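These are my notes on the model, set out as numbered points. Please read them alongside the sequence and the coordinates.

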Amino acid sequence: MDISKRSVRKIAFLTIFALACFGFLWESPNDAISRRASVTDDQYRQNAGYLSDPLKEKDTAVYWHIPKSSGSTMKIYYGCIGLTLATQSGTTAGHETDRTLQVWERTLPGWSPVKFVNVDTSKIEGVFRAKNLGLAESGLADVVFSPFPPIATAMFTPSHQARFFALFRHPIERAVSLFYYQQVATWERTEGVYQPELAD
């Protein structure tokens, strides 16, 4: 069956439109938290540096982790070059109950040890835990990973600013990648990510 380019474009547009509508109608558990934890425009402007602002020694790199857009690759890269990361792996191995900030190392078979701060900045409640523990002021993290840029700025202050950067991927490629990832992601701790029935 031959499908014209116009039909493919129409299908792609309708798929993107449907996904966008579904995204607006569906509320994840984090959506309710994020509404209560909204960050004001002033707080965002004060706590995040602008591209044209000179870098300060107290600034921290924050990677806006857009799912299926090279986040895992970035974590591996920065971990391999010896930087200390603040990401969801920071609270594994019993570190989710630590009462003070600390850096710990995790070694996976065949990999060099990777250093983590004991916070989970991939979740909204983890961002606020990091704030309460003073992550920005501690200077322990070289790179913070978070999918919530406006909320992540709450961890920072005007004297210890966030410096955001990101990698973007085509939305259709992201959707296809997520579809296949969900079929095999047995290691995912987040409910609803691993969906082996999609392989059928």
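1. A definition comes first: two strands count as paired if DSSP finds at least two bridges between them. With that in hand, E1 and E5 pair in the parallel sense over four bridges, and Ala61 stands opposite Val143 in E5. The model is a predicted one, and the remarks below should be read as such.

2. Overall content. The protein has eight helices and six strands. Read from the N terminus, the order of elements is α-α-α-β-α-β-β-β-α-α-β-α-β-α. Of the 200 residues in the protein, 34% are buried. Where contacts join residues at least 6 apart in sequence, 65% of them link residues at least 24 apart. The exposed area of the protein is about 12900 Å², with 59% of it supplied by carbon and sulfur atoms.

3. The sheet. Six strands form an open sheet in the order E3-E4-E2-E5-E1-E6, and the pairing is mixed. Its edges are strand E3 (103–106) and strand E6 (162–165), each of which pairs on one side only. From one strand to the next, the twist averages 35 degrees.

4. Pairing around E5 and E1. Strand E2 (residues 84–86) pairs with strand E5 (residues 143–146) in the parallel sense, over two bridges. Here Leu85 stands opposite Val143 in E5. Val143 thus recurs as a partner, since Ala61 also stands opposite Val143. On the E6 side, E1 pairs with E6 in the parallel sense over four bridges, and Tyr63 stands opposite Phe165 in E6.

5. Helix H4 against the sheet. Which strands does helix H4 lie across? Helix H4 (residues 71–80) lies across strand E1 (60–64), E2, strand E4 (114–117), E5 and E6. The helix runs at about 165 degrees to E5.

6. Ser146. This residue is placed in strand E5. Is Ser146 buried or exposed? Its relative accessible area is 2%, and because the cut-off for buried is under 20%, Ser146 counts as buried. Leaving out residues up to four places away in sequence, Ser146 touches Tyr63, Trp64, His65, Thr121, Val127 and Ala152. Among them, Tyr63 is the residue that stands opposite Phe165 in E6.

7. His65. This residue sits in the loop between E1 and H4. Its relative accessible area is 19%, so His65 is still classed as buried, given that buried means under 20%. Not counting residues up to four places away in sequence, the contacts of His65 are Gly71, Ser72, Lys75, Ser146 and Pro147. The contact with Ser146 links this loop residue to strand E5, where Ser146 is placed. His65 and Leu167 are 102 residues apart in sequence, while their C-alpha atoms are 8.1 Å apart in space.

8. Surface patch. Ile76, Leu108 and Trp111 make a nonpolar surface patch of about 290 Å². Ile76 belongs to helix H4, the helix that lies across E1, E2, E4, E5 and E6. Ile76 has a relative accessibility of 42% and so counts as partly exposed, a class that falls between under 20% for buried and over 50% for exposed.

Note on methods. Residues are numbered from 1 along each chain as its sequence is written. This is a predicted model: local features need pLDDT of at least 70, side-chain atom pairs count only at pLDDT 80 or more; totals for chains, interfaces and linings use all residues. Side-chain values use heavy atoms; hydrogens and water are left out. Axes are lines fitted to C-alpha atoms, for helices over the stretch in contact, and angles run from 0 to 180 degrees between N-to-C directions. Contact means heavy atoms within 4.5 Å. Buried means under 20% relative accessible area, exposed over 50%, partly exposed in between (1.4 Å probe, protein chains only). Patches are made of residues with over 30% relative accessible area and no salt bridge: like charges are joined within 9 Å, nonpolar side chains (Val, Leu, Ile, Met, Phe, Trp, Tyr) within 5 Å. Accessible areas come from the Shrake-Rupley method with a 1.4 Å probe; for residues, only the protein chains shown count as cover. A salt bridge is a side-chain nitrogen of Lys or Arg within 4 Å of a carboxyl oxygen of Asp or Glu.
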